[in-house]
Amino acid sequence: MINKKAEISHRYDVLLEVMAHAAEQLLYSPHWEKNIHNVLERLGKTVGACRTFVFENHYNREGQLLTSQRYEWTAPGVQPQINNPELQNFSYEAGGFQRWITLLSNDQVIHGRSRDFPSPESTILLRHGIQSTAVVPIFVRDGWWGFIGFDNTRHERLFSLAEENALKTLASIFGAAITWESITREQEKNRHQLERLLSKERSHHQLFDAIGRIQSLFIQDANPSVLFGNVLQEALTLSESQLGFLSEIRYTKTGTPYLRTLAIGNTTCNNGQCYLRATCSLSGAELAKLKALFCDAITSGKAVIANDVPNDPQVSGVLSSDSQIKRFLGLPFYHHGSLLGIVGVANRDKPYDKRLIEYLDPLLSTCGSILDAYHNDQRRRDAESRLRLTAKVFESTIEGVIIVDARAYIVDVNKAFTHITGMVRQEIIGQHLSVLRAKQEEPISFQKIWRSIKSTGQWQGELWSQRKNGETYPVWMTVSSVRNSKEEITHYVAVFSDITIRKQTEQRLYYLAHHDTLTGLPNRTLFLDRLKHAINHAHRRNYRVAVLFIDLDRFKFINDTLGHRIGDILLKQVAKRMQANIRAEDTIARLGGDEFTVIIESFTDTSVIPLIARKIINACEKPFNINGKELFVSASIGISLYPTDGYDAGMLLQHADAAMYRAKEKGKNSYQFFTTEINAAAAEHLALENRLRKAIAQGEFQLYYQPIMDMESGAIVSVEALIRWVNPELGLINPDKFIPLAEETGLIIPIGEWVLQTACAQAKIWNQENTYPLRIAINLSARQFQQIDFLERILEILKKTDLLPNRLELELTESMIMDNMEASLETLNALKKMGCQISLDDFGTGYSSLAYLKRFPIDTVKIDHSFVRDISTDPDDAAITTAVTTMAHSLRRKVVAEGVETREQLEFLDNIGVNGVQGYFISYPAPAENFTRLLQERHYINHDLLRL
Ligand SMILES: Nc1nc2c(ncn2[C@@H]2O[C@@H]3COP(=O)(O)O[C@H]4[C@@H](O)[C@H](n5cnc6c(=O)[nH]c(N)nc65)O[C@@H]4COP(=O)(O)O[C@H]3[C@H]2O)c(=O)[nH]1
């Protein structure tokens, strides 16, 4: 008995020891869970249990009380149940252990032999091989937590009351440990939470300080690079990043977005303080490559996190592998829902996360607001400076400006307005715009202007306005409408300039472009214009139109002999007389030179036309008194009629011209209507012209040569080159037929060039072959002689053909020299200086003025063959030839007689002492080869001739 008691007491002591150990392990250790196995093992061993365990209560979703085994110790050889799924989420109720809930929750220990337990508890326990068990509830602060249990599978073990109490104490140690642990955990959690809150508070302080700094910079009106540089710096500091940029989104004209960098920064961390190393440039770089990683933020409008940039698929091809960017956070920023730009930060030590994005949100909103405000500010400043500029322009422009309201009442005018109109601001403001309208300006034109402005927003044009003194003046005005935001017209702005001077100049220019300056008559342009107009008019009314083409006979002679000044006065007087003889409504024009035209309109009976033509002829016939001298001219008139002779102005003029030529041919001082024959002649003329044009290209020209014999020695001293045209269809054509045409058309220039070139080359050959020097005489045309580079042409040809200048004799006519005496004198002197010889051709047919011979460096006078022809029969011709020869000799000029056909003529000329002769009697003009032969055979002709 004593032993039994002693054993019980011992077991109790042992239990107390275990409890002390459990208390130490569970209550005083910071990690009771780590020690629970020791405690369970010691407990199990102490109470002789095969298995000690701890179950924790919990609830399922339906609110059913469940229990799960959490910890276990098993004696060696006993199967552990810790992984037995049946002992997890075990429902007391469903498992038939409802009784346990009642007992345990009331702090009662359940212990005993399994077989004594009510069914189904006993069945289940025994199925698990449990002979006896003891379970003790564990209570924590909030109530029943679970239980600790001791199973015996090998024998049935019963617990004494003392042991039961000891186990209860043990369970309360467990409860205290669990409670303590949960309190500690909660405290820990609270501490963490507190710390988090504190740090959040701290970082929020930092954030709002940063925002405050940015806002104050903005208020201080910092320049954009400083402002956005600081925004970026704050973002880098707050995000603990090392690199970053701040860019705004811009759009190209085609709408493609691109990034304009407002700030770019590189920071390094120094004692936990980040600072900006590089500031952004003022203008900001433009990042056009939107495919870059950060651009995802723009296209999606959402933040982009890349914590492993080198391996991020979005980066491939954008950043090189050695790029310093390791981590990246792209943060788009908005204002009023519009995406404005992006802040990109990189290389944080820690990974970027969503919390940081949330944290930086206020900074980004600030960034959006200040960027928007910055742009607004810029726009406002621009608008202000534009306004200032507009005001300046308004006041300083030399154009008058009138601002009127929508009903055309004047609201404002500028200084230039006063200057132009003479009206001051105060007197015109409030008046209707129409007060400025010139009295004669039709109101209808004003209505047109308003209509145009209303439909197109603008009107531009010419108007007549009125100054304060009543003077009307033309203005060039541009009127534009001003609309408000609702597209309603609120004002009109009229800008105008006084164009009086411009108009006068225009009128003057128009007058000059359409009138002949000498006579004041319409010129060719205006004439053709009026003729077209007359034709149109006649066409509509079935009228006829007559064109009179008037050419003065003998005018050229007067002009050449008496000079241009007299010629001009004569032309003016002729113009006046003609004008006096036609109706005011008919047009008289001067086409140029001595050519006039008249348009006679609105007649039905053609018989009036000869009367008008005759009146004009008669008017011209009467002598003109110029500077006390009486001068006589006459007129030849060609007439064409619409519609019989042509339907258009050009044709009517051409036909009247052709008819005028026929009138001249008929004997001048008469008129001629255009006829079909004249037309045919004109057509032939045209055809010839066309053939002549082709002749140059097709090499149809040939030179004939005619010798000039020196009377004293009988030697051929010179040879005249005479052109021939051999046309395949027309045969041989003499120069008289085509030289005038070539002159008229200008073709004489290339033809003359060819003659000079060919004749000089031939002369060079003959001079090489002959022992005696031989000159080549070449006819010049007026146009050739007047060429600006005439002297250069001669020099070049001489150089090219290697002909000595003294072997070249140039033949000119009197009229060629008289046309422009001063220039001719200059050219002739230059030719003489070069060493060339000059002959005056056809002497006697023109003015035959020997007086001017004195002034000009002429070597030879060639008496025209018309005098030589009748020299032996007509005493007048003989006398003229003799006088000319004597006079020329007295002026130390040589005389050559042309057209010598007979021995008598030759003898006469020999007797009067002419120096040279040319004519069929000596030789007909012949091609070069014939002449070569002639030279070889008889260089001295006179001996043969004189012997004959
Ligand atoms: N009745 C008659 N006539 C004689 C006699 N001897 C010569 N003739 C002709 O008289 C003209 C003399 O030439 P011109 O007075 O300079 O008159 C030349 C000259 O002014 C011009 N001409 C000829 N060749 C040229 C040329 O190459 N250039 C230029 N611009 N005009 C040329 O054409 C005019 C006519 O030339 P051609 O028909 O060759 O006519 C030549 C010649 O064949 C004669 O005994 N009796």
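This is a short viewer tour of a predicted model, with selections to make at each stop.

**Whole protein**

Show everything as a cartoon. The protein has 29 helices and 35 strands. Buried residues make up 33% of its 948 residues. Now look at contacts between residues at least 6 apart in sequence: 58% of them join residues at least 24 apart.

**Six-stranded sheet**

Select residues 51–59, which are strand E1. Strand E1 belongs to an open sheet of six strands, ordered E3-E2-E1-E6-E5-E4, with antiparallel pairing. The edges are strand E3 (90–91) and strand E4 (110–113), each pairing on one side only.

Step from E4 to strand E5, residues 132–140; four bridges join the two, and they run antiparallel. Pick His 111: its bridge partner in E5 is Ala 134.

Two helices pack on this sheet. Select helix H2, residues 32–47, which touches E1, E2 and E6. The direction of H2 makes about 75° with that of E2. Then add helix H5, which touches E4, E5 and E6. The direction of H5 makes about 40° with that of E5.

Return to E1. On one side, select strand E6 (residues 143–152), which pairs with E1 in the antiparallel sense over six bridges. Val 54 has Ile 148 of E6 as its bridge partner. On the other pairing, select strand E2 (residues 65–74): nine bridges join it to E1, again antiparallel. Arg 51 stands opposite Thr 74 there. E1 and E2 form a hairpin with five residues between them. In that turn, check Gly 63, which has a positive phi of about 85°.

**Helix pair H5 and H6**

Select 161–219 for H5 and 224–239 for helix H6. How far apart are their axes, and at what angle do the helices pack? The axes lie 10 Å apart and the angle is about 175°. Angles over 145 degrees count as roughly antiparallel, so H5 and H6 are roughly antiparallel to each other.

Now show side chains at the contact. From H5, take Gln 206, Leu 207, Ala 210, Arg 213, Ile 214, Leu 217 and Phe 218. From H6, take Val 226, Leu 227, Asn 230, Val 231, Glu 234 and Leu 238. Colour by class: the contact has nine nonpolar, two polar and two charged residues.

**Strand E14**

Select residues 400–405, strand E14. Which of its residues form the covered face? Gly 400, Ile 402 and Val 404 do. Val 401, Ile 403 and Asp 405 make the uncovered face.

Bring in strand E18 (residues 489–498), which pairs with E14 in the antiparallel sense over six bridges. Asp 405 stands opposite His 491 in E18. Next add strand E15 (residues 410–413): three bridges join it to E14, running antiparallel. Val 404 stands opposite Ile 410 in E15. E14 and E15 form a hairpin with four residues between them. Ala 408 sits in the turn, with a positive phi of about 70°.

**Five-stranded sheet and H14**

Select strand E19, residues 544–553. E19 is part of an open sheet of five strands in the order E20-E21-E19-E24-E25, with mixed pairing. Strand E20 (587–592) and strand E25 (671–673) are the edges, each pairing on one side only. From one strand to the next, the twist averages 20°.

Add strand E24 (residues 634–642): E19 pairs with it in the antiparallel sense over nine bridges. Val 545 has Tyr 642 of E24 as its bridge partner. Then select helix H13 (residues 524–541), which lies across E19, E20, strand E21 (595–603) and E24. H13 runs at about 140° to E20.

Move to helix H14, residues 555–562. Its buried residues are Phe 555, Ile 558, Asn 559 and Asp 560. Their cover includes E19, helix H15 (564–580), strand E23 (629–631) and helix H23 (814–819). Gly 563 follows H14, and its phi is positive, near 100°.

**Ligand site**

Finish at the ligand, which has 25 residues around it. Which come nearest? Leu 722, Pro 735, Asn 779, Gly 919 and Tyr 920 do. Now highlight strand E27 (716–727), helix H19 (735–745), helix H20 (748–769) and strand E31 (837–843): each supplies at least two residues of the shell. Colour the shell by class for ten nonpolar, nine polar and six charged residues.

Methods: Residues numbered from 1 in each chain as written. Predicted model: local features only at pLDDT ≥ 70, side-chain atom pairs only at ≥ 80, totals over all residues. Near = placed C-beta within 6 Å. Nonpolar A, V, L, I, M, F, W, Y, C, P; charged D, E, K, R; others polar. Axes fitted to C-alpha atoms, helices over the stretch in contact; angles between N-to-C directions. Parallel < 35°, antiparallel > 145°, perpendicular 65-115°, else oblique. Contact = placed C-beta atoms within 7 Å. Buried ≥ 20, exposed ≤ 12 C-beta atoms within 10 Å, placed from the backbone. Pairing = 2+ DSSP bridges.
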